[in-house]
Amino acid sequence: MRILMILLAVIVLSACGNNESQTQDSQGANDTEHMQHDESGKLPEGLEEADDPEFPPGSKAIIQADHMEGMKGAEATIVGAFDTYAYEVTYTPTDGGKHVDHHRWVIQEELKEPGDHPLEPGIEATLEADHMEGMKGATAIVEKVEDTTVYMVDYASTLTGEEVKNHKWLTAEELAPLQE
């Protein structure tokens, strides 16, 4: 029985550790293999704080999104809340990485020369965001745009317990109130 349990654990762990990139599904789950975190909390120029966010800075929430492994179900501390246009984009990384479909989210202030108005779905844009390897400078196709509040959060991975600081970005629909 013990050998069977060890064999099962090896099979499960080897499946988790394969090097295949996870392509996003239509719900916006991201290819997390090359996710980067800028723990500095540096914000894009021109980004404005939200006046009355649903989740104010310092508050807690439960993450409902699965942009990264270990994110869904994690307790988040809201670091910042900002009003902007958020984009779901599809792009090919500049470093030769695998094509990324429906990456959530890149914001207006993370686009090269974005202008003041939102881009329409189907429009090409150059990314200035650096959330993932090969993202900065990539040409992206806008899949979806939302006029929304985006949140920067801290959380601990539900898989590893690793602290993630200043994760960019989540929307209010991807957060749930903390049940106390």
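**Strand S3, its partners and three salt bridges**

Reader: Is Lys165 buried, partly exposed or exposed?
Author: Buried means under 20% relative accessible area, exposed over 50%, and partly exposed in between (1.4 Å probe, protein chains only). Lys165 has a relative accessible area of 33%, so the residue counts as partly exposed.

Reader: What pLDDT do side-chain atom pairs need here?
Author: Residues are numbered from 1 along each chain as its sequence is written, and side-chain values use heavy atoms, with hydrogens and water left out. This is a predicted model: totals for chains, interfaces and linings use all residues, local features need pLDDT of at least 70, and side-chain atom pairs count only at pLDDT 80 or more.

Reader: How many strands does the chain have?
Author: Helices (H or I, at least four residues) and strands (E, at least two) are DSSP runs, numbered from the N terminus. The order from the N terminus is α-β-β-β-β-β-β-β-β. That makes one helix, and the strands number eight.

Reader: Why is S3 described as largely enclosed?
Author: S3 spans residues 75-91, 17 in number. The strand is largely enclosed by the rest of the structure because its buried residues number twelve.

Reader: How many bridges join S3 to S6?
Author: Two strands pair if DSSP finds at least two bridges between them. S6 covers residues 139-156 and runs antiparallel to S3. The bridges between S3 and S6 number 15.

Reader: Which residue of S4 stands opposite Val89?
Author: S3 is also joined to S4 (residues 100-107), antiparallel, by five bridges. On the S6 side, the bridge partner of Val89 is Val142. In S4, Val89 stands opposite His103.

Reader: Which residue in S3 is the bridge partner of Glu48?
Author: S1 (residues 48-49) pairs with S3 in the antiparallel sense over two bridges. S2 (residues 60-63) also runs antiparallel to S3, with three bridges, and Ala61 there has Ala76 as its partner in S3. For Glu48, the partner in S3 is Asp83.

Reader: Which residue forms a salt bridge with Arg104?
Author: A salt bridge is a side-chain nitrogen of Lys or Arg within 4 Å of a carboxyl oxygen of Asp or Glu. The structure holds three. Arg104 is in S4 and its partner is in S3, so the pair ties together parts 16 residues apart in sequence. At 2.6 Å between the closest N and O atoms, that partner is Glu88.

Reader: Are Arg104 and Glu88 buried or exposed?
Author: The two residues share one class. Arg104 and Glu88 are both buried.

Reader: How far apart in sequence are the parts tied by Lys165 and Asp154?
Author: The side chains of Lys165 and Asp154 meet in a salt bridge at 4.0 Å, N to O. Lys165 lies in S7 and Asp154 in S6, so the pair ties together parts whose separation in sequence is eleven residues.

Reader: What is the relative accessibility of Asp154?
Author: Lys165, its salt-bridge partner, is partly exposed. Asp154 counts as buried, because its relative accessibility is 17%.

Reader: Which residue forms a salt bridge with Glu146?
Author: The closest N and O atoms of this pair are 3.2 Å apart. The partner is partly exposed, with a relative accessible area of 32%. It is Lys144.

Reader: Which backbone nitrogen lies 3.1 Å from a polar side-chain atom of Ser157?
Author: Ser157 is found in the loop between S6 and S7 (163-171). The residue is buried, with a relative accessible area of 11%. The nitrogen belongs to Leu159.

Terms used: A polar contact is a pair of N or O atoms within 3.5 Å; within protein, one must be able to donate a hydrogen and the other to accept it, and residues adjacent in sequence count only if both atoms are side-chain atoms.
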